[in-house]
Amino acid sequence: MVRIHLSRLLGEKKWTQKDLAEATGIRPSTINEWYHELVARLNVEHIDKICEALDCNITDLLEYIPNEQKTTGKYLIIEEHGNRKNEKK
């Protein structure tokens, strides 16, 4: 899983979500999704703008935590017609 530490970074800088949206040009609703770790896909341009505005490294913003239940390799989940099934290898 990937953890997003935007809420902590904003707190440390004493910035609001609105401050970050204005500094980056990223929509406030998108900033809110990042803040609450609700984004499904990470946009590289957003990462770049957020790191630049907050003067931080990508490792300050994002953290990889290995999944307890694997989802790749022999545990790969394939979607067929909206139904999920485990791929057997």
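Which residues does M1 touch, not counting residues up to four places away in sequence? The answer is in point 2, after a short overview.

1. Overall layout. This is a predicted model. The protein has five helices and four strands. Along the sequence these elements follow the pattern β-α-α-α-α-α-β-β-β. Of the 89 residues in the protein, 24% are buried. The accessible surface amounts to about 6,900 Å², and carbon and sulfur atoms account for 48% of that surface. Among contacts with a separation of 6 or more, 54% are between residues 24 or more positions apart.

2. The start of the chain. M1 sits in the segment before β1. With residues up to four places away in sequence left out, M1 touches E63, Y64, I65, P66 and N67. The C-alpha atoms of M1 and N67 are separated by 5.7 Å, although the two residues are 66 residues apart along the chain. M1 has a relative accessible area of 47%, so the residue counts as partly exposed.

3. The nonpolar core. The largest nonpolar core has 17 residues. Those with the most contacts inside this core are I4, L6, L20, W34, I50, L54 and L61. Two or more residues come from each of α1 (6-13), α2 (17-24), α3 (28-35) and α4 (44-54). The largest share, four residues, is that of α4.

4. L61 in the core. L61 is one of the residues with the most contacts inside the core. Not counting residues up to four places away in sequence, L61 touches R3, I4, H5, L6, L9, W34, I47, I50 and C51.

5. Helix α1. The buried residues of this helix are L6, L9 and L10. These three lie on the same side of α1, because they cover an arc of only 100° around the axis. They pack against β1 (2-4), α2, α3, α4 and α5. Just after α1, K14 takes a positive phi of about 60°.

6. T24 in helix α2. T24 is located in helix α2. Is T24 buried or exposed? Its relative accessible area is 9%, so T24 is buried. A polar atom of the T24 side chain lies 2.8 Å from the backbone oxygen of L20. The backbone nitrogen of I26 lies 3.2 Å from a polar atom of the same T24 side chain. Beyond four places in sequence, T24 touches I31, K49, I50 and A53.

7. Helix α4, buried side. The buried residues of α4 are H46, I47, I50, C51 and L54. Seen down the helix axis, they fall within an arc of 125°, and therefore line one face of α4. The cover over these buried residues includes α1, α2, α3, α5 (58-61) and β2 (62-64).

8. Helix α4, outer side and ends. The face of α4 turned away from its buried side carries the exposed residues V44 and E52. At the N-terminal end, N43 caps the helix, with a side-chain oxygen 2.8 Å from the backbone nitrogen of E45. Just after α4, D55 takes a positive phi of about 50°.

9. The cysteines. A disulfide is a covalent bond between the sulfur atoms of two cysteines. How many disulfides does the count come to? The count is zero. Why is C51 not bonded to C56? The sulfur of C56 is the closest cysteine sulfur to that of C51, but the distance is 3.9 Å, which is too far for a bond; the cut-off applied here is 2.5 Å. C56 is likewise in no disulfide, its nearest cysteine sulfur being that of C51. Both residues are nevertheless buried: C51 has 11% relative accessibility, and C56 has 13%.

10. Points to check in the view. Three places may help a new reader find the way around. The first is M1, with its contacts to residues including Y64 and N67. Another is α4, which gives four residues to the core and has its buried residues on one face. The last is the C51 and C56 pair, where the sulfur atoms are 3.9 Å apart.

Methods:
Residues numbered from 1 in each chain as written. Predicted model: local features only at pLDDT ≥ 70, side-chain atom pairs only at ≥ 80, totals over all residues. Heavy atoms only, no water. Core = buried A, V, L, I, M, F, W, Y, C linked by side-chain atoms within 4.5 Å. Buried < 20%, exposed > 50% of the residue type's maximum accessible area, 1.4 Å probe, protein only. Contact = heavy atoms within 4.5 Å. Arc of directions from axis to C-beta. Polar contact = N/O pair within 3.5 Å; in protein donor to acceptor, adjacent residues only side chain to side chain. Areas by Shrake-Rupley, 256 points an atom, 1.4 Å probe, with all protein chains shown as cover.
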